[in-house]
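Biologist: I am new to this one and would like some help finding my way around. Could we go through it feature by feature?

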Amino acid sequence: MGVPYDIELQLRPRTGGTRWVRCIGRAYTRDHRVVRVAGTIQDIDDRKHSELEVARLAERMTLAAKFAGIGIWEYNHDTGELIWDDAMLALHGLHRDAFPCDFSIWSLVMLPADRAAEENMRLAFADGRADFDVEYRILTPSDEIRYIRNCGRIVRDASGRILRSYGVNYDITRERVNMIALLESDESLRAANASLQATIEETQRLARAAEDANQAKSSFLATISHEIRTPLNGVIGMTNILADTPLNAEQRDYPQTIKLSGESLLTLINDTLDYSKIEAGRVELERQPFDLVSCVREALDLIEPHSRQKNLALTHLFAADVPRTIEGDASRLRQILVNLLGNAVKFTDRGGIRLDVRVDSASADEVSLTFSVTDTGIGIAADKQPRLFEHFFQVYASITRTHGGTGLGLAISRRLAALMGGSIWVESEPGVGSTFFVGIRVPVVMEDALCHHPACLQRLARRHALVVAPPETARQVVHYAQPPSLVVTAFPDAESAVNHLAAGAPCDLIVSDNQLPDMDGLAFARRLQARGLRIPPLLTLNRVGTLSDTTAPRLHQLMASLVPPPAPTPSVASAAGFVRIAATMPLSVLMAEDNNVNQRVAQLTLRRLGYEIEIVSDGAEALGALQRRNFDVILMDVQMPGMDGLEATRRIRAFTGHETRPWIIALTAGAFEEDRLNAFRAGMNDFLGKPLRIELLQAALIRAWESLRPVPLTATTPAPP
Ligand code: ADP
């Protein structure tokens with residue numbers, strides 16, 4: 001019979017390599033020995049390689065599925081048997097013993113809320129769809145919720161009958177959790193965004209409301225200040241007039257007291273108004289060239305009566321190199337200085353007060369100046385100093401009660417200094433005294449007259465200049481500075497220049513290197529002051545730049561700017577004084593003003609200058625008056641009932657022949673820069689604040705006279721008498 005065999009083995013053919021073969025046949029034995037073999041050998045090399053390849057692929061797949069945590073299932077549609085591999089069981093946290101091997105397992109593991117997925121699978125099987133892909137959550141026996149993705153495929157035979165399905169499951173919990181977190185954060189971001197938007201809108205609304213409130217506050221302040229200033233204007237103006245009438249010795253004191261009280265009330269109103277304006281960001285500083293020395297002297301003049309009353313020495317010193325003309329807001333600078341000087345007098349009982357001005361640095365167009373006010377008063381404790389510049393801060397309540405004060409002065413000064421691009425600070429020792437410093441950086445400007453180079457040379461003619469510098473620099477200065485007749489003498493140091501000056505040598509100005517070789521400008525001034533000598537102006541060369549043919553004109557300009565202009569030939573203006581300028585400057589003047597007291601003040605003040613004026617009480621009447629006769633000047637109140645000053649001016653300017661004449665001077669208690677601008681925009685020519693001051697009114701009338709005077713066709717010089 002023989003023993004059948006069927007084996008697959010690898011042969012090594014002589015041609016090399018190996019080949020798989022299948023041997024099928026029978027082996028015949030006798031006495032347990034094979035005596036004959038009959039069968040076939042089939043070359044199965046290709047098939048065997050394919051099978052091995054498939055096995056290897058399957059192994060790799062299983063490995064990949066295992067490491068990726070992918071479970072594989074298979075469902076037999078004929079028998080209803082479901083097979084899960086180990087990874088499937090691990091995914092679902094199940095033991096093989098507990099696995100029911102049929103479709104019902106899915107309804108057991110899925111969360112009830114996600115059962116629709118199972119329904120989908122069933123439908124897919126029923127419809128015989130090719131593929132399905134569902135997602136659901138399961139609850140593991142350890143009560144853990146996992147997200148599962150289940151992708152399946154249905155396999156049919158050649159006739160289209162469904163044979164079985166198989167598919168893969170994998171855990172997508174991490175992606176889903178991340179996605180949900182992302183959606184939630186997206187949601188919370190959206191919510192945050194919405195609330196941010198709401199906050200922005202609310203803030204804008206509040207800002208608008210604040211702006212409105214601010215506007216309302218400012219205009220309220222402007223109105224209140226106008227309302228208070230108007231009667232005060234009457235009080236002060238009438239007092240001045242009263243003081244000019246014949247009074248006995250006792251009576252003379254009364255108007256003086258009324259005037260002082262009125263003026264201090266005015267200061268209080270101005271301070272409060274000023275502070276509110278600065279706080280509301282409505283202060284605009286002027287940028288006008290002004291004479292620094294005069295500005296400082298005016299501040300000192302205002303304080304001098306008070307220091308004299310307390311027997312305090314009031315001294316001041318300009319460093320020799322302080323430029324005379326700078327650009328900025330003179331009245332605001334004066335305001336700061338008056339406040340510091342006023343405080344110094346208020347808080348000092350013995351000794352004196354000194355105001356120094358020095359240059360910290362200088363360039364071609366700018367200088368850094370420091371003003372310092374030093375007193376020998378009660379001083380300020382170190383722990384109080386940082387709060388000094390806050391509003392309404394007062395160290396000594398009792399002194400304030402006796403000497404007055406609003407606690408606003410330093411707060412205003414600090415803000416003004418900041419508006420000037422500078423700062424304010426203090427050094428003080430209780431019982432010894434205080435020094436308040438104000439540092440500002442300002443452009444240096446030239447008098448208009450000196451923009452013309454020949455005018456500079458003319459002004460420098462026959463002047464004496466000292467050059468204090470090392471020999472090389474001195475030689476250069478002498479070379480470039482010497483227009484034909486400027487007399488230049490050079491010295492190597494300031495000390496020898498001081499000795500030269502002490503010997504009575506003439507000197508109009510000093511030119512030095514970037515600073516004097518042996519002392520600074522303030523020390524130099526102090527040395528001369530100590531010896532009772534006049535302090536000549538000092539020009540430092542850093543304001544010129546490197547000396548060359550190109551910069552020489554600037555050197556001349558700067559030198560000329562330090563030398564006072566030749567005494568002017570007496571003009572109408574300077575000869576006039578405060579009285580009766582009307583004699584030399586006849587002008588017909590109309591005044592439009594509704595307030596009786598103000599009308600009277602203006603009338604009497606103008607009478608002192610020699611003018612008789614016509615008065616009307618509103619804009620419409622002013623237009624009427626102008627139709628009856630011509631006027632050279634109109635003093636136009638801005639706020640009037642009926643037609644106000646701005647409207648009246650616009651109408652006057654609209655008449656042919658009235659485009660430039662009459663000269664219209666705005667008269668207003670309004671203190672804002674806007675008021676000025678509005679007046680000029682309406683066509684007015686000048687602006688005067690109330691209360692009316694005779695010297696300002698006179699200056700304004702002189703400007704009117706100068707402007708209205710016809711320009712002569714040929715220049716004429718008055719013939720000498
Ligand atoms: P006030 O109008 O009260 O003087 P300021 O703002 O000018 O307001 O000053 C605030 C406070 O700073 C003063 O009340 C005083 O306590 C203190 N102070 C200012 N200057 C001096 C000074 N030179 N010496 C001592 N204390 C001063």
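Modeller: Gladly; we will go through the ligand site, a strand, two loop residues and some salt bridges. Keep in mind that this is a predicted model.

Biologist: Let us start with the ligand. How many residues surround the ligand, and which are the closest?

Modeller: The shell holds 21 residues, and the closest are Asn343, Asp375, Gln394, Val395 and Leu410. By type, the shell divides into 10 nonpolar, 9 polar and 2 charged residues.

Biologist: Which polar atoms of Leu410 and Asn343 should I look at around the ligand's oxygen atoms?

Modeller: For Leu410, look at the backbone: a polar atom there is 2.7 Å from an oxygen atom of the ligand. For Asn343, look at the side chain, where an N or O atom is 2.8 Å from a ligand oxygen. Gly409 also has a polar backbone atom 3.3 Å from an oxygen atom of the ligand. On its own the ligand has 530 Å² of accessible area, and the protein covers 98% of it.

Biologist: Which elements give two or more residues to that shell?

Modeller: They are helix H8 (330-346), helix H10 (409-419) and strand E15 (433-443). H8 supplies the largest share, 4 residues.

Biologist: Now a strand, please. How do I read its two faces?

Modeller: Here is the general idea: in a regular strand, side chains alternate between the two faces of the sheet. Now take strand E11, residues 325-328. Thr325 and Glu327 are on one side, Ile326 and Gly328 are on the other, and all four are buried, so both faces are covered.

Biologist: What pairs with E11, and in which sense, parallel or antiparallel?

Modeller: Strand E9 (residues 288-291) pairs with E11 in the antiparallel sense, over 4 bridges. To see one of these bridges, find Pro289, whose partner in E11 is Glu327.

Biologist: What should I look for in the backbone of the loops?

Modeller: Look for a positive phi in a residue other than glycine. Cys101 is a case, with phi near 60°, and it is found in the loop between helix H2 (86-92) and helix H3 (104-109). Asn311 also has a positive phi, of about 60°, and its place is in the loop between helix H7 (292-309) and strand E10 (313-318).

Biologist: How accessible are Cys101 and Asn311?

Modeller: Cys101 counts as partly exposed because its relative accessibility is 35%. Asn311, at 70%, is exposed.

Biologist: And how do I read the salt bridges?

Modeller: Side chains of opposite charge can pair when their charged atoms come close. A search of the whole structure finds 38 salt bridges. In one of them, Arg651 meets Glu647 at 2.9 Å, N to O. Both lie in helix H19 (residues 645-654), 4 residues apart, or about one turn of the helix. Arg651 is partly exposed at 41%, and Glu647 is partly exposed at 27%.

Biologist: Which salt bridge links distant parts of the chain?

Modeller: Look at Arg703 and Asp686, whose closest N and O atoms are 2.8 Å apart. Arg703 is in helix H21 (residues 694-708) and Asp686 in strand E24 (residues 686-689), with their positions 17 residues apart in the count. Is each end buried or exposed? Arg703 is partly exposed, at 40%, whereas Asp686 counts as buried because its relative accessibility is 9%.

Biologist: Which residues do shared salt-bridge partners join into a network?

Modeller: Glu8, Arg47, Lys48 and Glu51 are joined into one network in that way.

Terms used. Residues numbered from 1 in each chain as written. Predicted model: local features only at pLDDT ≥ 70, side-chain atom pairs only at ≥ 80, totals over all residues. Heavy atoms only, no water. Near = heavy atom within 4 Å. Polar contact = N/O pair within 3.5 Å; in protein donor to acceptor, adjacent residues only side chain to side chain. Areas by Shrake-Rupley, 256 points an atom, 1.4 Å probe, with all protein chains shown as cover. Nonpolar A, V, L, I, M, F, W, Y, C, P; charged D, E, K, R; others polar. Buried < 20%, exposed > 50% of the residue type's maximum accessible area, 1.4 Å probe, protein only. Pairing = 2+ DSSP bridges. Salt bridge = Lys/Arg side-chain N within 4 Å of Asp/Glu carboxyl O.
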